[in-house]
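Please open the structure in your viewer and keep the selection panel at hand. The stops below say what to select next and what is to be found there.

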Amino acid sequence: MEKRYDYVLWFEECDLESVSLVGGKNASLGELLNADIPVPPGFAITTKAYSLFLEQNNLKDEIKTLLKQVKSDDVESGEKTSKAIRELIESAHIHDDLQDYICEFYRRLSKRCHVPAVPVAVRSSATAEDLPGASFAGQQDTFLWIRGVDSMLNHIKKCWSSLFTARAIYYRQKMGFVHDKVEISVGIQKMANAWTAGVMFTINPATGDPASIAIDANWGFGESVVSGECTPDNFIINKITNDITKKSIGHKTVLYTRDPENHCVVKQDVPSERADTQCVVDADAIQLAKVGKQIEKHYGRPMDIEWAIDKDTPGKAKILILQSRPETVWSEKKVEPIAKPRASALEHICAGLVAGRKVN
Amino acid sequence: MADSKFPSPHEIEAIPGTEGWERMYPYHYLFSTKDKERKEYEKNAFWFNDALHYPEPMYPFDIIWDEAWFLALSQFNTRIFMIPPALGIDHRIINGNIYITPVPVTDPEEVQKRIPLFMERAGYYYENWDKLHDQWEKKMKGIISEIEALEIGPLPEMEDISVVKNGLGTSSGYELLKNYDKLIDLGILCWQYHFEFLNLGYASYVTFVDFCTKAFPDIPLQKITQMVAGIDVILYRPDDELKKLAKLAVELEIQAQFGEDTKDVKDVISELQTSENGQKWVTAWDDTKQPWFNISTGTGWYHQDVSWNDNLNIPMSSIRIYLGKLKEGKNIDRPIERIQEERKILIKEYRSMLKTDEDRQTFDQLHGTSELVFPYVENHMFYVEHWFHSVFWNKMREVAGIMTDHKFINQIEDVWYLSRSEIKEALWDLTTSWATGTKGYGPLHWPEEIEWRKGVYQKFKDNPPVPAVGTPPEVIAEPFTIVLWGVTNESMAAWAKLKEIGDPDKVNEIEGFAGSPGVVEGIARVCRSVEDIGQLKEGEILVAPTTSPSWAPIFQKIKGVITDVGGIMSHAAIVCREYGMPAVVGTGQATTIIKSGMKIKLNGDTGRIYIER
């Protein structure tokens, strides 16, 4: 057996160099962590692990044989083949040596997170976004709130098998890609068990002020903020000095949380005593803004970020970054000078005086 | 804000028992319904109580400074620099309190006509700022030495023989009249100079503020101010000198002899004189007095705002505070490096967030000019309100001394109940009767009138003024008003709200301007004047009508500051930013609502104050 580095890697051990091994999504999580951006911890199951799995179960030839039955003009044949291959993969056994690596990492992740059998997200991570099969897989398969090794292993196989959806098969055939060259990695990532969550913009979305960070926050998961179902607490934080320049506490009536029994997300009323209570303390809001600044710096543009404060981690509040995407509204506006250029300060002063000062 | 939430100025009634108060003040300061046009003008303007300068009602004499700046500010706007859209600031008085309103140029064509004039005139000042400013400093120092040299002599029974032998041709009576006029004239002149640069300074600052606010809609005013504020500002010197003296005492190992505040400064000094090191320190102390102890304990606008030189126990007490801090091993120096570093970062970071080269050029132009003019905005107060005024009040006391000698008034401090023209008349009465060898009429008239005026004044004091009267405008265009008094639609709305609530005991939240960032919770201590600051305990939050540089040492003791009046450039805001202490300024009525001992939370980031009841 080769070293575990071939099969499992902590996100911290991934970077853009390792895309071929861990896929784009896992690699970028590694990049973020290495830029000190606190994404939820986890690990990648490499493409080599996938290959080893196929090898150990002698699946490669079987899959090849099955794929021969696909006829490009017969949709039914594709569906049937897809189903057969996926069943084949999902029912195969992950051999003990590989299973040990994966389960050992899961155990260590649980320990790191201070949660026994920590709930995780299991998601596929494509090795190259321009590979169509991979991109289908990458988009489709994310499994949330997976708990315990058995369930995790089953869902890893589901991710693997997602390479063989009917759509993916047809697409590869049409484009002339070789099926057995396509590889897939899987990411295992702690589910943020949000005490408080919300969104953050590294530009004030209301005013377009690039020196401000705007944070909206509510109790529980961020869904209530993203969907606009509640009036969140709002913070405006100065990027340069890191102080809160504006704050309003919303009347928060609903929150989303996890049902402890069936692990699904449920909507609840906010207990009345918490409805008007600030859900992120000032110090955490400021800390969050600092993370926002790092993310903006990392991507070199204003960002729209989903975040959570995790309740599993003991001690001081643990900020987790769940999603970041480029801000589009202000960033795509045409850039024009704020003030008409003038030859001297005096001309500006004169023009300013004449224009008057409209307060509001 | 179109619907007026403020009373009409003509509706305010005299406080019972003060009827006839109007004769204490200049006639043209009165709101009047006699003439229809004037009445309409007064009703439609928005008059706010200038509590920044006058936290207390006006004494008939002290109104001299109000008249002085009424003339000076207005003339520079209207007639000298031709500020295109803004004329002067008009003044009125109600029940002893000053109300002011900025007067705009309403005709757009007139505004256009004034533009090239303004460009030429203001342009000359901006271009030659340093040269003109040096000249200004010389002029100021010149009139200060003139006023210091002014002799207010008593009227002798018989003139000295030298009057005859020198062929002088005039008498002490004439000299008294002449020197009184000279004294008043120097005061008015000082205020002419006061406004020579001020409005241009504010114009530049306001333009920079507007640009920054457009580029960064969320930028707090205090950050903009931080980017242009001077580091080595003369206004900090007196306080720095006290720190130096405290350090010198430690160095000379004589700090034990300073004792507690119960020990009078005279005893401290005489005890120090007995040792060589003590003498060294006393020499340094004496050298510091001129000019650095010419710091008023108030705004400098009132006669009762004595200077450190008038009451040496005040600077001595501050030195004791610094000695205490030094004993605890604390650094008492202003954190200049930190301030400089913060300033540099702010400028660099904000500039870097601008998106176009054009904007960076505008930023540099406006920042450059503001940085050039701002030290004046900060420094002029030392020369005028502190140094000059301190000398002026004492010269006036010499005049009052002669009036007391001749029984025109019962005591020196009664003189403030007379206007400056009444004093002039009284001096004529006094000198002519002295010349004639008869009894003056003054002793029969003034003491009685002063007794009545004292009663009226007390009633003015007991009845807090309404914050504003008249019709609030949609916008306020006069930039100086906004910067200096912090009057904006927001603060007017807040004042109106307070007025509506009516019962100050039911208010739990007060809003003002975020003067200096940070959040602090603690016990409030309301100090209406510098005399109350002795009650302040370590770690309390100071609540005051306004503060002045002489309050500086107590900033070492407190956790936060709240003022009734003042914008971002008020003394309290400047000093709090220096000390990194939260402040909310321009709250309107904090001293009315908050009581000493209340637990309050002050948020200098948002400008809000929460009262725990």
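## A loop in chain A

Begin by selecting the loop that joins helix 5 (96-112) to strand 3 (120-126) of chain A, for this is where Ala117(A) is found. This is a predicted model, and each stop of the tour should be read with that in mind. Although Ala117(A) is not a glycine, its phi is positive, at about 45°. Most residues other than glycine have a negative phi. Is Ala117(A) buried, exposed or partly exposed? Ala117(A) counts as partly exposed, because 14 C-beta neighbours lie inside 10 Å, whereas a buried residue would need 20 or more and an exposed one 12 or fewer.

## Chain A as a whole

Now widen the selection to the whole of chain A, whose secondary structure comes to 12 helices and 13 strands. Along its principal axes, the C-alpha trace of chain A spans about 80 × 50 × 40 Å. Chain A has 360 residues, of which 44% count as buried. Among the contacts in chain A with a separation of 6 or more, 66% are between residues 24 or more positions apart.

One example of two positions separated along the chain can be picked out by selecting Asp61(A) and Asp180(A), which are 119 residues apart along the chain but have C-alpha atoms separated by 9.5 Å. Asp61(A) has its place in helix 3 (residues 59-68) of chain A, and Asp61(A) counts as exposed because 10 other C-beta atoms lie within 10 Å.

Colouring by confidence is a useful next step. Chain A has a mean pLDDT of 88, with 93% of its residues reaching 70 or more. Where in chain A is confidence lowest, and where is it highest? The lowest mean, 47, belongs to helix 6 (residues 132-140) of chain A, and the highest, 97, to strand 2 (residues 42-45) of chain A. Over residues 132-139 of chain A the pLDDT is below 50, and in the model this stretch has 30 contacts beyond near neighbours in sequence.

## Where the two chains meet

Show both chains together for this stop; the model as a whole scores ipTM 0.79 and pTM 0.79. On one side 34 residues of chain A are in contact with 49 residues of chain B on the other. The elements that give two or more residues to the side of chain A that touches chain B are strand 9 (244-248) and helix 12 (345-355) of chain A, and the largest share, eight residues, comes from helix 12 of chain A. By class, this side of chain A has 17 nonpolar, 10 polar and seven charged residues.

Next, select helix 12 of chain A with helix 6 of chain B, whose axes come within 9 Å and cross at roughly 80°; the two helices are therefore roughly perpendicular to each other. On the chain A side, the residues to display are Ala345(A), His348(A), Ile349(A), Gly352(A) and Leu353(A) of helix 12, and these meet Ala203(B), Ser204(B), Val206(B), Thr207(B) and Asp210(B) of helix 6 of chain B. The contact of these two helices has five nonpolar, four polar and one charged residues.

## Along chain B

Keep helix 6 (residues 172-215) of chain B selected and add helix 7 (residues 221-228) of chain B, which packs with helix 6 at an angle of about 125°, the axes being 10 Å apart. That angle makes helix 6 of chain B oblique to helix 7 of chain B, and the crossing of the two is right-handed. Tyr205(B), Phe208(B), Val209(B) and Cys212(B) of helix 6 make the contact with Leu221(B), Ile224(B) and Val228(B) of helix 7 of chain B. The residues of this contact divide into seven nonpolar, no polar and no charged.

Go on to the loop between helix 8 (237-251) and helix 9 (265-272) of chain B, where Glu253(B) is found. Glu253(B) has a positive phi, near 55°, in a residue other than glycine, and Glu253(B) counts as exposed because 10 other C-beta atoms lie within 10 Å.

Then select Pro291(B) in helix 10 (residues 276-292) of chain B, where the peptide bond from Gln290(B) to Pro291(B) is cis, with omega near 0°.

Finish by colouring chain B by confidence, for which the mean pLDDT is 89 and 93% of the residues reach 70 or more. Among the elements of chain B, the lowest mean pLDDT (51) is that of helix 17 (residues 489-501) of chain B, and the highest (98) that of helix 14 (residues 420-436) of chain B.

Key: Residues numbered from 1 in each chain as written. Chains lettered and ligands numbered in written order. Predicted model: local features only at pLDDT ≥ 70, side-chain atom pairs only at ≥ 80, totals over all residues. Contact = placed C-beta atoms within 7 Å. Helix = DSSP H or I, 4+ residues; strand = E, 2+ residues; numbered from the N terminus. Nonpolar A, V, L, I, M, F, W, Y, C, P; charged D, E, K, R; others polar. pLDDT = per-residue confidence, 0-100. Axes fitted to C-alpha atoms, helices over the stretch in contact; angles between N-to-C directions. Parallel < 35°, antiparallel > 145°, perpendicular 65-115°, else oblique. Left-handed = near helix turned anticlockwise from the far one by under 90°.
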